[in-house]
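Q: Please take a close look at the largest pocket of this model. Which residues lie nearest its centre?

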Amino acid sequence: RREVRAAARSVLISVCFSFAELKRGLAQDLISSPKLDRYKLARQLTDKAVKEKKIFSIYGHYPVVRAALRRKGWVEKLHLLPRVGPNVDDDENKQAEGKESQEAALEKTDDIHAVMSRLVRNEVPYFLWTIRRDAVDHHSLRCEQTLNHYGKTASFTTKIGLCVNMRSLPWYVQANPDSFFPRCYGLCTESEKQEFLDDFRRTVASSILKWVVSGQNHSRSKPRSRREEAGDTEPGREQAPEAAGPQLRGLSEQLVDAACKVCEAYLGRLEHEDIDLPEDATKDLTEDEWKELTRQYYALVHGEAFISNSRSHFSQCQALLNKITSVNPQTEIDGLRNIWILKPAAKSRGRDIVCMNRVEEILELVAADRLEAREHKWVVQKYIETPLLIYDTKFDIRQWFLVTDWNPLTIWFYKESYLRFSTQRFSLDNLDSAIHLCNNSIQKHLKNDKDRSPLLPCHNMWTSTRFQEYLQKRGRGAVWGSVVYPSMKRAIANTMKVAQDHVEPRKNSFELYGADFVLGRDFKPWLIEINSSPTMHASTPVTAQLCAQVQEDTLKVVVDRRLDRNCDIGNFELLWRQPAVELPPVQGSDLLVEGLALRKAQKQIPPMANCGFASPLTNVQPLKERGPSAMPDLARGPPRRDLRLKDEKVFPCAFPVPLKRRAEGSARAQHVYSEPGRKIELPTWRVQHPDDKAPSTALAKAEPDKHLAPNLSNVCPLPAVLPRAKTMESALFQPPRPPGNAWCLRPTSPGAACSASWRAGWGLRPGSNLSSEQRSGTQAPSGPARLSE
């Protein structure tokens, strides 16, 4: 038995030891699992991010923003991008937004970021980066949630908004919008069309003067080359004369005289010389004269005609052009062809943009649209006919800037930018959009022209640093820092100051914008448009570098700088911060309104037949009270009145004359309900109820009263014609009542006379009096009509 016990004890010990070893091994295997380690790490990082409110969501293709935020300890809450219409700068964002959302939603399950995203699926994101503003309802966001868009930015991010608001610039800053923004008109109203037509005609006249001054008459068969018109050739340099073809025809010198007349009238209006002149006298030419002048101008600039003996008008034309240039800063960019660029008012990426040089074609295109779709659809802007060319190719500049607050206005300007070249050589003879529009969304579908310079990059982009090197080789290295860069900064600052009053200044928001500039041949930048949600797609090596860099620097300004004002902000520099304006102390005037309250006039009591009084009932003073605490002293009883029948006339009611009451008597209020449909015209008494604001009128109710109390004296018998009437006492001492009920005051002093209706309220038979207990108040009244205080 001892041996069996020892053997069992040893087996049990060995089993327990084996189980403990197995448990320790299993725990060791679980701890050393890489998936478990990744889950624990994801949980720790997620808890820290939730505590620090570092949850973000991205709508669109922004891998650089996602990676930068993850490095800063932020955790992404995945969202599928809803379907939105294309209203972004470039269509690369539109093509990539669906792909990016699917990739983000289908990440590998063993990725730690995917695990962290699942852990925060029920958390609130505190940083939202969207491709479009309407992807998220910014009105429903919390104050601590950051969004990369502002509301109501159409005042400068749409062509029609920028066109209209630039006219208000002199009211905000001391600057002329014509000095950096080509004049623009919205062809949505008749007044705008007329202004555009007048501008086109003035440009026709000034272009004729330029034709005479530039010596175009020496090359009759064709106008100047595209290089000379663009500024690559000296303006005063004359071309070799060529033989005139049979199609050329000579124009009269009257064409120059008419153009000079129009220009002189224009200068006179600028100097307000037409203020005291009649309206008919201010007109330059008649409509027929304008049509003829325009027709001859078309033939002149297209090389189909020439002006005979134009040299005799050289001095006059030169003097007028000098005056026009001094008052109109856009004279240089007007050129000779009078080309205008017609744009849809609210579209982007160069869609439906055309260049035209005939006013009738422009107006016909606008008039061809349906009326409901034409409103604010078309914008016409003066085309820059003398742009700066690089290797005989046109280009524009994409410049970024960041707005972090609208009140006070805070603008950050990016130091780096990039140039976008056209795939075709520049020429004014061909108005194709492929030549004159440098948008990458248009040029990427075209092949580079074979005649274009091989020194230009095949991807058609330069960085601003590369452009400065080009200027340095041309001996103009200082132009960028002294002319181009400062002028772009002033244009952006002035534009934002005008738009400040139109934008929703939501706190804890920011937005990155992309502005497009075109340089004139004098290196002066001209603002063309401003884009919201500029493309960040790495379409070329230039954009792959700069777009990633500007996104990271944007996060440094809007995220890192909140915690550290001295942190690195990359290539951003503070362009403008509106100084804080202290509001003056408000000293309100102490206003007092004095006057008298208006009281409602008492109604006239109609005369009553077969009744008379010793004193008029209208002399009865009404009860006045202003609240429950202001009730009259009912303990003293109702006021006494010496009511007597005049000439012993019969009155259709029974009432005591006089009503005798003891001094210690009291009055109680009884809540009764009137009987509808049974009314009689009796004198009324105006009393104000504690719950009513204005006095009301209570009418006595006729009740049967066949038996009168024996102690009533001097009472006239009721006539047979009025068998039912209420006591006069009820008519005198009944306060006003709301519809359906009333408060009736009843005297309860001992010995007071009671009518039949009063006795019924006390549960008494007609002809009986109150008991001693009821008089003293120790016994409560019986019946449905109880007394209440």
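**The largest pocket and its surroundings**

A: Helix H8 gives six residues to the lining of the largest pocket, the largest share. The model is a predicted one. The space in this pocket comes to about 690 Å³. Its lining is made up of 28 residues, and those nearest the centre are Asp-178, Arg-183, Tyr-185, Asp-199 and Arg-202. Besides H8 (190-213), the elements that supply two or more lining residues are strand E5 (184-186) and helices H10 (254-270), H12 (314-327) and H13 (331-334). By residue type, the lining divides into 14 nonpolar, eight charged and six polar residues.

Arg-183, one of the residues nearest the pocket centre, also takes part in a salt bridge. Its partner is Asp-334, with 3.1 Å between the closest N and O atoms. Arg-183 sits in the loop between H7 and E5 and Asp-334 in helix H13, so the bridge joins distant parts of the chain, 151 residues apart. Both partners count as buried, because the relative accessible area is 11% for Arg-183 and 3% for Asp-334, where the cut-off is under 20%. As general background, side chains of opposite charge can pair when their charged atoms come close.

This pair is part of a larger set: the structure holds 27 salt bridges. Another of them joins Glu-529 to Lys-159, with the closest N and O atoms 3.2 Å apart. Glu-529 belongs to strand E15 (residues 525-532) and Lys-159 to helix H7 (residues 159-165), so this pair ties together parts 370 residues apart in sequence. Glu-529 is buried at 11% relative accessible area, and Lys-159 is buried at 10%.

Next to Lys-159 in sequence is Thr-158, placed in the loop between helix H6 (154-157) and H7. A polar atom of the Thr-158 side chain lies 2.5 Å from the backbone oxygen of Ala-154. On the Gly-161 side, the backbone nitrogen of that residue lies 3.2 Å from a polar atom of the Thr-158 side chain.

Further along the chain, Lys-382 and Glu-385 form a salt bridge whose closest N and O atoms are 3.0 Å apart. Lys-382 is buried at 2% relative accessible area, and Glu-385 is buried at 1%. Salt bridges also link Asp-396, Arg-398, Arg-420 and Asp-516 in a network.

Some of the backbone geometry also deserves a check. In general, most residues other than glycine have a negative phi, and most peptide bonds are trans. Asp-392 has a positive phi, near 65°. Asp-392 lies in the loop between strand E10 (378-382) and E11, and counts as buried at 5% relative accessibility. On the other side of strand E11 (395-406), in the loop that leads to strand E12 (409-421), is Pro-408. The peptide bond from Asn-407 to Pro-408 is cis, with omega near 5°. Asn-309 has a positive phi as well, near 50°; its place is the loop between strand E7 (305-307) and H12, and H12 is one of the helices that contribute to the pocket lining.

A last element to look at is helix H19 (residues 479-499). Its 21 residues reach 29 Å from first C-alpha to last, close to the expected 30 Å. Of these 21 residues 15 are buried, so H19 is largely enclosed by the rest of the structure.

Technical notes: Residues are numbered from 1 along each chain as its sequence is written. This is a predicted model: local features need pLDDT of at least 70, side-chain atom pairs count only at pLDDT 80 or more; totals for chains, interfaces and linings use all residues. Side-chain values use heavy atoms; hydrogens and water are left out. On a 1 Å grid over the protein atoms alone, a cavity is a set of points where a 1.4 Å probe fits but cannot get out, and a pocket is an open set with protein on both sides within 12 Å along at least five of seven lines; lining residues have an atom within 4 Å of a point. Grid points are joined across faces, edges and corners, and a volume is the space filled by probe spheres set on the points. Helices (H or I, at least four residues) and strands (E, at least two) are DSSP runs, numbered from the N terminus. Ala, Val, Leu, Ile, Met, Phe, Trp, Tyr, Cys and Pro count as nonpolar, Asp, Glu, Lys and Arg as charged, and the others, Gly among them, as polar. A salt bridge is a side-chain nitrogen of Lys or Arg within 4 Å of a carboxyl oxygen of Asp or Glu. Buried means under 20% relative accessible area, exposed over 50%, partly exposed in between (1.4 Å probe, protein chains only). A polar contact is a pair of N or O atoms within 3.5 Å; within protein, one must be able to donate a hydrogen and the other to accept it, and residues adjacent in sequence count only if both atoms are side-chain atoms. The expected span of a helix is 1.5 Å times one less than its number of residues.
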